[in-house]
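Colleague: Got a minute to go through this one with me? I'd like to hear how the labels were arrived at.

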Amino acid sequence: MIARMPIEHRYNDTDACARHLAEELGPDLRIAAPLGLGKPHGLLNALYGLTVSDPARSMRLYTALSLTRPQPTAGLEQRFLGPFLERHFGANQVDPQYALDQARDTLPSNVEVHEFYLQSGALLHSGAAQRSHISQNYTHVARDLVVQDINVLVQLVARREGPDGVHYSLSCNPDLTLDFLRRVQLAGKQRPLCVAVVHPDLPYMGGDAEVAEDYFDVELCPLTSPRLFALPRVAVDLAEYALGLHASALVKDGGCLQIGIGALSDALVKALLLRQQENTLWRRALVALDPAGATHAEASLLGGLAPFQAGLYGASEMVMDGFMHLQRGGILKRRSWDNLALERASAAGRLADDVPGGHYLRGAFFLGSRELYDWLGATEAADPDAIDMCPVSNVNQLYGDHQALATLQRRGARFFNTCMMATVLGAAISDTLDDGSVVSGVGGQYNFVAMAHELPDGRSILLLRSTRQSRGGIESNIRWNYGQTTIPRHLRDIYVTEYGVADLRGKSDSECIEAMLAISDARFLDALCAEAKAHGKLAADFVIPEAWRRHRPRYLREALAPLQQKGLLPTFPFGSDFSDVEQRLLPALTWLKAGTGNWRGRLRLLRSIIRPGPVAEGEAEALARMGLAAPQSLADRLQQRLLQTALRH
């Protein structure tokens, strides 16, 4: 390996650093930047500004998940989100300007932005983003980047200086950087200029994420840095809790866990904690949700009903808040070592897990709340072996020299991912709409589904709500067919909705259809059944069991009422970034938005506005929070009456 020189260029001024890079690299910038948290927005904005101001220059950016704050529309949305966003993200938060321009379809002609994963739903109406999206498995991104002749890589890092000199931590994003630069070297290509942008609040993670000073060519250490981008914690509704309860019975003690992000994942984590801490109540809830005992049967075959003793090992491309809660709850604790420890354990006739120490969580990137970032930093300081941040190739696949260890680590694997829709024949739709519009991206979902089929006792479990609300009313997320597919039906495994578990592995088409009907919303059973019969995929004499016709929201409410009354199913299971009055406003504003989606709703609102009545008890604080306690204009008075109507509903 060619020896690398120590960093020669250090900057505190972002614009000066950007000018140096532009002069060093010439008029054509081909930039690689990490997905999510690891993007240095300030430096990217400076490089983007130089390119926009000079038509002779060009910029091609390869990245994913460009995080921007919500851009509220005028009116009630701005009144609610404006103060919250400033409080949550900080007044000095910096959005990537290219992402804002891309969303508005105003990128200049000399700038291209290629993302393999989009902020979910944010760019459906951006022609530039839709045309420039690259559909890739997460593990293929580094390979494909090599042929793009990247000339500069920019990354947010943590910095540590000690007796042995300066070291950097790739911290939140060792995922692709390590794989990409290794592939560049193997291909005999010129290494891009690598720029470390130091953030003082980024947790310093060791292991594979730690690199020597000479790994980078340029250091930028700005005098001031915005807060780390933190995701607001989400609400979980009863249908999502029901889904999480079903899914939590599929997890095997002593096994391996992968989970994603969002309300369904939070519901699963909360249900796992209930299984551990309130086991009797948790079991009663399962029986109430499924009196016929199908979930119990699946649990006896695939998971378990008892609290966790051996605990779980986490192997997930994304490290998010859920793993923190599981570790604190005494569930995430099964440790595993690296290849050297495996050799030592094998020589001693023991599993690697039996060797003291080791990590209980392996991930490729992290993103979540500020509480998560604090926990990661504190855990690294107190227990450096606990969390292994590493390349995505070590997490999302089994191939290579770590295959034997990865298979051992991931015994009893349960890989949980979410999808938007599924067909009754077992295909999953997770990233793209029928017309080809990209909602998000494949990411690592296909990796984990395929890996579950390769592991001796691994299972892929896709979570989805059985229905969704659209402008036309309620629609089923379980379909006969769909024009796009993320996971093909030959990789079908397990699906979970709020109505139960469908195990499709190794089943015939008619068996799969029956299993998917068994977890569908009752309002759509007859239509789905008729279509399957019309295509000859379901026996003509098949009759829908009466028990399936109970699959309606009101039965979920009845089944979960005991847990809800005991306060075990809170709207925000892990705390909220919203104040108490904001938490009261949220459902009111959501109802108001849904109510204006059709003419009946608009007529109902109009009647309420005409007859507003006096300010009711408890409304004054909400009106004051929205700046509508003393409306001055006609528009303000209209907004006040709309809000009063929503609060009373």
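What follows is a short talk about a cavity and a strand beside it.

Modeller: Sure. It's a predicted model, where local features need pLDDT of at least 70 and side-chain atom pairs count only at pLDDT 80 or more, while totals for chains, interfaces and linings use all residues. Residues are numbered from 1 along each chain as its sequence is written, and side-chain values use heavy atoms, with hydrogens and water left out.

Colleague: What makes the lining of the largest cavity six nonpolar, two polar and two charged?

Modeller: Ala, Val, Leu, Ile, Met, Phe, Trp, Tyr, Cys and Pro count as nonpolar, Asp, Glu, Lys and Arg as charged, and the others, Gly among them, as polar. The lining includes Gly426, Ser460, Arg492, Asp493 and Tyr495, and the split comes out at six nonpolar, two polar and two charged.

Colleague: Which strands each supply at least two residues of that lining?

Modeller: Strand E17 (459-463) and strand E21 (494-497). Strands here are DSSP runs (E, at least two residues), numbered from the N terminus.

Colleague: Why is E17 called mostly covered?

Modeller: Buried means under 20% relative accessible area (1.4 Å probe, protein chains only), and five of the five residues of E17 are buried, so the label fits. Arg459, Ile461 and Leu463 sit on one side, with Ser460 and Leu462 on the other.

Colleague: How do you know that E17 and E21 pair?

Modeller: Pairing takes at least two DSSP bridges between two strands. E17 and E21 have three and run parallel, so they pair. Ile461 stands opposite Ile494 there.

Note on methods: On a 1 Å grid over the protein atoms alone, a cavity is a set of points where a 1.4 Å probe fits but cannot get out, and a pocket is an open set with protein on both sides within 12 Å along at least five of seven lines; lining residues have an atom within 4 Å of a point. Helices (H or I, at least four residues) and strands (E, at least two) are DSSP runs, numbered from the N terminus. Buried means under 20% relative accessible area, exposed over 50%, partly exposed in between (1.4 Å probe, protein chains only).
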